[in-house]
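Visitor: I would like to learn how to read a protein model feature by feature. Where should we begin?

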Amino acid sequence: MKHKLIAFEGIDGSGKSTQIRLLAEYIKTSGQQVFTTFEPTDQYIGKIIRDIFSHRREATQETIAGLFVADRLEHLLNPDFGMLRQLETGHVLTDRYYFSSYAYHGVHVDMDWVIASNSLAVSRGKADLHIFIDVDPQLSLQRIHQNRENIEMYETLDNLVKVRNQYLLAFEKTRLTENIVFVNGNQPPEKVAEEIRIHFNSL
Ligand code: TYD
């Protein structure tokens, strides 16, 4: 069986990291190898992005969108830790992938440009499945406030609503070429995990 690349998507506070952990545990229990990873990465370009988000550096929205493209290519293609290398030996679950760029940057710059600038990542490393954990922006904001001290650049209700709408638009634009499923993220985590396992098993 070919190993699968699965991207988890959702607005901030949608519970992606919990669900990645639960699916990774499930895959391991079934005796298969799995890697979990995330974007922005903790490599050098990802660090620049985090510096911008925490206002230690300044950058335009266009530059931020471009940095994410570069970070993603490194994430995919790096010969030592890249996802293509990991896929040789196991499944890969990534917390965010190119749809995050379509949604988050499509608010600020033309979405078609964002899609075009990610085309190399799509052609070299298209995800076998994108799981969109769909959560009510009100609920996600409550979770963000419960769990964290520093609220990042995009975490206001208005923005969460906008980003969710941009995700919907991006899914609509790409639905003929991408495998996207929605899971209801307003449910308890174990219920969400159950739905995700069903999607994984049908790959
Ligand atoms: P982080 O706190 O690391 O992740 P999360 O909120 O998923 O736990 O912050 C990631 C932020 O980066 C998040 O607000 C979405 C944003 N982002 C983009 O703007 N563009 C992208 O391409 C990606 C992958 C993330």
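Guide: What follows goes through the ligand site, the cores, some single residues and the backbone. Keep in mind that this is a predicted model.

Visitor: How many residues surround the ligand, and which are the closest?

Guide: To read a binding site, list the neighbours, then look at the individual atom pairs. Here 16 residues surround the ligand, and the closest are Asp 12, Lys 16, Arg 96, Ser 101 and His 105. A polar side-chain atom of Lys 16 lies 2.8 Å from an oxygen atom of the ligand. For Arg 96, a polar side-chain atom lies 2.9 Å from a ligand oxygen atom. His 105 has a polar side-chain atom 2.8 Å from a nitrogen atom of the ligand. Taken alone, the ligand exposes 550 Å², and the protein buries 89% of that.

Visitor: What is the make-up of the shell around the ligand by class, and which helix gives the largest share?

Guide: The shell has 8 charged, 5 nonpolar and 3 polar residues. Helix α5 gives the largest share, 4 residues. At least two residues of the shell come from each of α2 (44–53), α3 and α5.

Visitor: Which residues of the largest nonpolar core touch the most other members?

Guide: A core is read by its members first, and then by the elements that supply them. This core has 29 residues; Leu 5, Tyr 97, Tyr 98, Phe 99, Tyr 102 and Tyr 167 touch the most other members. Elements that each supply at least two of the core residues include strand β1 (5–9) and the helices α5 (98–105), α8 (137–147) and α9 (157–174). Apart from this core lies another, of 16 residues, among them Leu 93, Val 181, Val 183 and Val 192.

Visitor: What does Tyr 98 touch beyond four places in sequence?

Guide: Its contacts at that separation are Glu 9, Arg 72, Asn 118, Val 122, Gly 125, Lys 126, Ala 127, His 130 and Glu 178.

Visitor: Is His 75 buried or exposed?

Guide: Relative accessible area settles that, with under 20% counted as buried. His 75 has 3%, so it is buried. His 75 sits in helix α3 (residues 61–77). Its side chain joins that of Glu 39 in a polar contact of 2.8 Å. Leaving aside neighbours within four places in sequence, the contacts of His 75 include Phe 38, Thr 41, Met 83 and Thr 94.

Visitor: How do Ile 48 and Ile 198 read on that scale?

Guide: Ile 48, in helix α2, is partly exposed at 26%. Not counting residues up to four places away, Ile 48 touches Arg 57 and Leu 67. Ile 198 lies in helix α10 (residues 189–201) and is exposed, with a relative accessible area of 57%.

Visitor: Which residues other than glycine have a positive phi?

Guide: Read the angle, then place the residue in its element. His 55 has a positive phi of about 65°; it lies in the loop between α2 and α3 and is exposed at 58%. Arg 96, one of the residues closest to the ligand, has a phi near 80°. Arg 96 is in the loop between β3 (91–95) and α5, and is buried, with a relative accessible area of 11%.

Visitor: Where is the cis peptide bond?

Guide: Look at omega. The cis bond joins Glu 39 and Pro 40, with omega about -5°. Pro 40 is in the loop between β2 (34–38) and α2. Glu 39 has already come up, as the partner of His 75 in the polar contact.

Key
Residues numbered from 1 in each chain as written. Predicted model: local features only at pLDDT ≥ 70, side-chain atom pairs only at ≥ 80, totals over all residues. Heavy atoms only, no water. Core = buried A, V, L, I, M, F, W, Y, C linked by side-chain atoms within 4.5 Å. Buried < 20%, exposed > 50% of the residue type's maximum accessible area, 1.4 Å probe, protein only. Contact = heavy atoms within 4.5 Å. Polar contact = N/O pair within 3.5 Å; in protein donor to acceptor, adjacent residues only side chain to side chain. Near = heavy atom within 4 Å. Areas by Shrake-Rupley, 256 points an atom, 1.4 Å probe, with all protein chains shown as cover. Nonpolar A, V, L, I, M, F, W, Y, C, P; charged D, E, K, R; others polar.
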